[in-house]
2 protein chains.
Amino acid sequence: MNGADALDRIRIVLSHPSHPGNIGAAARAMKTMGLKSLWLVQPAEFPSPVADARASGADDVLATARVVGSLEEALAGTVLAAAVTARRRELSLPRVTAREAAGQVLAYTRRGDVAIVFGSESSGLSNEEVALCSMPVTIPTNPAFSSLNLGSAVQLLSYELRMSAMQPAPVFGDENPAQPATHDEVEGFFGHLEKAVIESGFHDPENPRRLIPRLRRLFGRVRLEKEEVGILRGMLTSFQRKVD
Amino acid sequence: MNGADALDRIRIVLSHPSHPGNIGAAARAMKTMGLKSLWLVQPAEFPSPVADARASGADDVLATARVVGSLEEALAGTVLAAAVTARRRELSLPRVTAREAAGQVLAYTRRGDVAIVFGSESSGLSNEEVALCSMPVTIPTNPAFSSLNLGSAVQLLSYELRMSAMQPAPVFGDENPAQPATHDEVEGFFGHLEKAVIESGFHDPENPRRLIPRLRRLFGRVRLEKEEVGILRGMLTSFQRKVD
């Protein structure tokens with residue numbers, strides 16, 4: 001199963017969302033990360049033009065959203081349910097971070113559907129709801145201000161799921177296919193540079209003051225491309241020509 | 001320096017945000033992750049009751065936000081500027097992911113202030129704005145729908161910064177303890193370079209052939225140190241002097 005198929009098996013479940021704008025924001029957040037399956041447990045208002053507006057192009061996620069009457073219905077048939085919760089709870093299972101959870105959730109998608117459950121904006125998940133889930137998940141936040149917006153919480157979990165699903169494929173491989181300069185070309189440039197700074201009087205080989213090693217370090221760091229060596233040497237030639 | 005101090009040195013810069021709601025969402029997103037410093041370049045509407053409402057308790061971040069007239073002002077004094085951009089661009093530097101960027105940004109906070117720049121909702125960052133930054137950052141998204149909300153993009157970067165800042169082990173050793181050049185120093189060098197290549201006849205502003213963007217890309221990649229800017233400018237001056 002590839003990463004995209006794995007993401008298709010993840011349900012984002014919003015329990016009792018009170019603001020339709022957050023439903024739209026969640027849909028958009030999911031789609032940006034390749035998630036599709038949105039479940040709504042007793043939303044206060046849905047469908048809603050406010051949700052449509054905030055979805056901003058993720059209309060398909062809203063159109064296929066499932067509205068159900070209880071969290072049990074949303075979890076039916078899943079092989080794992082994770083509850084996103086900010087509060088520590090008495091008698092709770094050990095919490096895992098969003099990043100750790102993403103890896104575990106992805107592993108479970110090989111066996112079937114997985115749910116990630118978010119509580120209402122005002123009060124989060126009830127103890128009863130958390131008890132229906134087997135994995136409490138926490139998003140690390142500033143202890144002095146942990147009030148994540150619901151759409152933001154969905155965004156962060158969706159992002160971690162995508163990051164996990166898309167491993168270990170190279171994230172940005174050969175995006176910069178420019179031809180690197182060869183060793184000889186780079187050395188040719190250094191020789192040219194040294195000659196130019198001697199001619200201009202900037203560099204005195206009798207009193208070198210480590211100029212050449214410093215310039216080598218600078219241009220060595222940049223990993224020059226073939227075309228760039230051409231540009232730099234053309235520039236040096238223009239400076240030299242003026243000297244004559 | 002501990003993780004919280006490092007986060008204090010990070011500026012979140014929103015260039016030309018058009019919706020005050022997104023400014024509020026960004027403030028809330030920042031505060032949940034322990035970030036404080038918000039800079040706004042020509043916001044369409046600010047202050048705004050809509051921003052206040054969406055900030056939802058992050059009023060202090062809005063109250064201390066700096067409103068400036070240009071991106072240059074927002075970057076003044078920074079030692080690194082990262083540009084969050086969805087598009088691939090011609091002549092661009094290699095892009096790093098949000099996660100990779102977070103580690104590098106944190107490492108730079110040991111030397112000074114760092115900026116993370118986000119473009120407007122409708123059109124993102126202009127090529128000119130990206131050219132002022134030395135690290136293009138991308139948030140991995142669904143290629144078929146990469147339209148992240150501005151507040152969500154700020155949330156994801158802020159989260160990665162917090163995750164990185166709170167890691168117990170230092171990610172980067174101090175392998176390169178040299179003082180990096182500030183944004184202003186690097187821009188001073190670019191101005192000097194442009195003048196010198198015009199004087200030498202290598203660059204014709206009427207027929208630019210993309211020379212300046214290419215040189216910016218080359219020297220942007222190297223992340224110049226303070227001393228190196230001094231050396232390069234001394235060298236340019238020596239070339240210019242010979243011309244007279």
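This report covers the fold and dimensions of chain A and its contact with chain B in a predicted model.

## Secondary structure and dimensions

Chain A contains 11 helices and seven strands. Its C-alpha trace extends over about 85 × 40 × 35 Å along the principal axes. The radius of gyration of chain A is 28 Å, whereas a compact globule of 244 residues would come out near 18 Å.

## Burial and internal contacts

Of the 244 residues in chain A, 50% are buried, that is, under 20% relative accessible area. Among the contacts in chain A with a separation of 6 or more, 83% join residues 24 or more positions apart.

## Surface and charge

The exposed area of chain A is about 11,800 Å². Carbon and sulfur atoms account for 51% of that area.

Chain A carries 27 positive and 28 negative charges. The mean position of the positive set lies 4 Å from that of the negative set.

## Interface with chain B

How many residues does each chain bring to the contact? Chain A contributes 62 residues and chain B contributes 63. Together the two chains bury about 5,600 Å², and 63% of this buried area is on carbon and sulfur atoms.

On the chain B side, the residues that lose the most area to chain A are B:Arg99, B:Phe145 and B:Phe239. Together these residues make up 12% of what the chain B side buries.

Methods: Residues numbered from 1 in each chain as written. Chains lettered and ligands numbered in written order. Predicted model: local features only at pLDDT ≥ 70, side-chain atom pairs only at ≥ 80, totals over all residues. Heavy atoms only, no water. Helix = DSSP H or I, 4+ residues; strand = E, 2+ residues; numbered from the N terminus. Rg over C-alpha atoms; globule rule 2.2 N^0.38 Å. Buried < 20%, exposed > 50% of the residue type's maximum accessible area, 1.4 Å probe, protein only. Contact = heavy atoms within 4.5 Å. Areas by Shrake-Rupley, 256 points an atom, 1.4 Å probe, with all protein chains shown as cover. Lys, Arg positive; Asp, Glu negative; His and termini not counted. Charge placed at Lys NZ, Arg CZ, Asp CG, Glu CD. Buried area = accessible area lost by both parts, 1.4 Å probe.
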